[in-house]
Amino acid sequence: MINKIVQSMADAMAGIKDGSTVLIGGFGAVGQPDELIEALIEQGATDLTCVCNNAGTGRVGLARLMELGRVRKIICSFPRSAGSVVFEELYRAGKLELEIVPQGTMAERMRAAGAGVPAFFTATSVGTILAHGKEEREFNGRRYVMEHALKGDVALVEAWEGDRWGNLTYRASGRNFNPVMAMAADLTIAQVSHLRELGDLVPENVHTPGIFVSRVIHVDRGPDWA
Amino acid sequence: MQGFDRKAMAARLAQDIPEGWYVNLGIGIPTMVGDYVPMDREVILHSENGILGMGPAPAKDAIDPWLVNAGKQPVTLRPGGSYCHHADSFAMIRGGHIDLCVLGAFEVAANGDIANWATSENDTAPAVGGAMDLGAGAKRLWVIMEHTTKDGRPKLVEKCAYPLTTPGAVKRVYTNLGVFEIVPGKGFVVVDLAPGVTLEQAQAASGAVLHTQ
């Protein structure tokens, strides 16, 4: 019997190695797998490259992981936001590498990785400093830059519902980066607000089919997110 | 000099959006544009974080924490609205399905170049978000911004001094002083001046020539 549901955060985090590239879902706080990030802090892996749209806020979650010196590099589109104090301290002190990627390019690079497409061309960033050093080609009279697939060793995603085969649904704008990150990693760990019996999710409404998911853990996020 | 206030700028731009357009509104003054599209005109708002058919801000007691816009503020979903993931959301943008994107800017040049993401090449930590995708992908890009900086420097310029977001993308600029079309090979052309603003005043506040039609 296939059962991707794990009972403890230790089991959820098992095997994450130092030096891993970790894809972390969410757009701001929405769809961000807070409890999995806390569990990664506990688990201890270090020298990580984190891919996340934002670079953490306050001194919890991703910001705490960075403050503990466990993140070597961050790949994101919008690192600077209200409360991104840890990021700014570390970046200014030269203790954190930063790769800025346009948001749509970041999403597509992961979708490409998940779909077995090693690179693609996009008009996004052509003629800007973010295109420096990238191969350019012209198609149908327009210039495009080549962008490489962005693959993760691990993806931490947040979903609304999940079952033992790893099928997931998302709630409202909590979907954001989670489905493409789930596709793009070797080990995808999903925290879900609700566990469902196999067969209870409406097949037409499954957002991430279980083939992209390795482990599922139930997390009660409390009444605010119910 | 009277000119438009921010609400009037947003209302002036909203007036030019026809029924049926799919529109992405950036953070700041652009977001206000949504409040001025008449309720009987169906304009479908897109938010980069995977919302199509976005509605206005909810009442304080009806906030859904799972539903935020690109600025992470609570919003609502209109009947007929839908959600998608980030790659699909940016496929809508990059694939040329969005009729109009409205962004703010630091500078817009007479050739349509826009600079709105970083203030210098050595910016300590620039944050691009979806601006470059929107600039390159939307069918048309309109900018809404103050005509000058807080210390009075022009934001309509011959050539952008700040790092570009997208070259040659801007079609129109809405400012507190008026509405300006960017005509290829010509530059800024005055469409409309705000109440109480003369061409001479608008020209004096600009770093590029304002042509008349």
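These legends walk you through four close-up views of a predicted model.

**View 1. Here chain B meets chain A.** On the chain B side, 33 residues are in contact with 39 residues of chain A. Two helices of chain B, H3 (86-94) and H4 (131-137), each supply at least two residues of the side that touches chain A. H3(B) gives the largest share, five residues. Sorted by class, this side of chain B has 18 nonpolar, nine polar and six charged residues.

**View 2. Strands E2 and E3 of chain B form a hairpin.** Strand E2 (residues 44-47) and strand E3 (residues 51-55) of chain B run antiparallel and are joined by two bridges. Look for B:His46, which stands opposite B:Leu52 in E3(B). Three residues lie between the strands of this hairpin, where B:Gly50 takes a positive phi near 100°.

**View 3. E3(B) also pairs with strand E4 of chain B.** Strand E4 covers residues 76-83, and its pairing with E3(B) is antiparallel, over four bridges. To find your way, start at B:Ile51, whose bridge partner in E4(B) is B:Tyr83.

**View 4. The largest nonpolar core has 131 residues.** Among the members that touch the most others are A:Ala155, A:Leu156, B:Val143 and B:Ile144. Strand E8 (residues 152-162) of chain A provides the largest share of this core, six residues. Domain 1 (16-100 + 151-219) and domain 2 (101-148) of chain A both give residues to the core, so it lies between them. Now turn to B:Val143: leaving aside neighbours within four places in sequence, B:Val143 is in contact with residues including B:Leu103, B:Ile114 and B:Val173.

Terms used:
Residues numbered from 1 in each chain as written. Chains lettered and ligands numbered in written order. Predicted model: local features only at pLDDT ≥ 70, side-chain atom pairs only at ≥ 80, totals over all residues. Contact = placed C-beta atoms within 7 Å. Nonpolar A, V, L, I, M, F, W, Y, C, P; charged D, E, K, R; others polar. Pairing = 2+ DSSP bridges. Core = buried A, V, L, I, M, F, W, Y, C linked by C-beta atoms within 7 Å. Buried ≥ 20, exposed ≤ 12 C-beta atoms within 10 Å, placed from the backbone. Domains from an automatic or database assignment.
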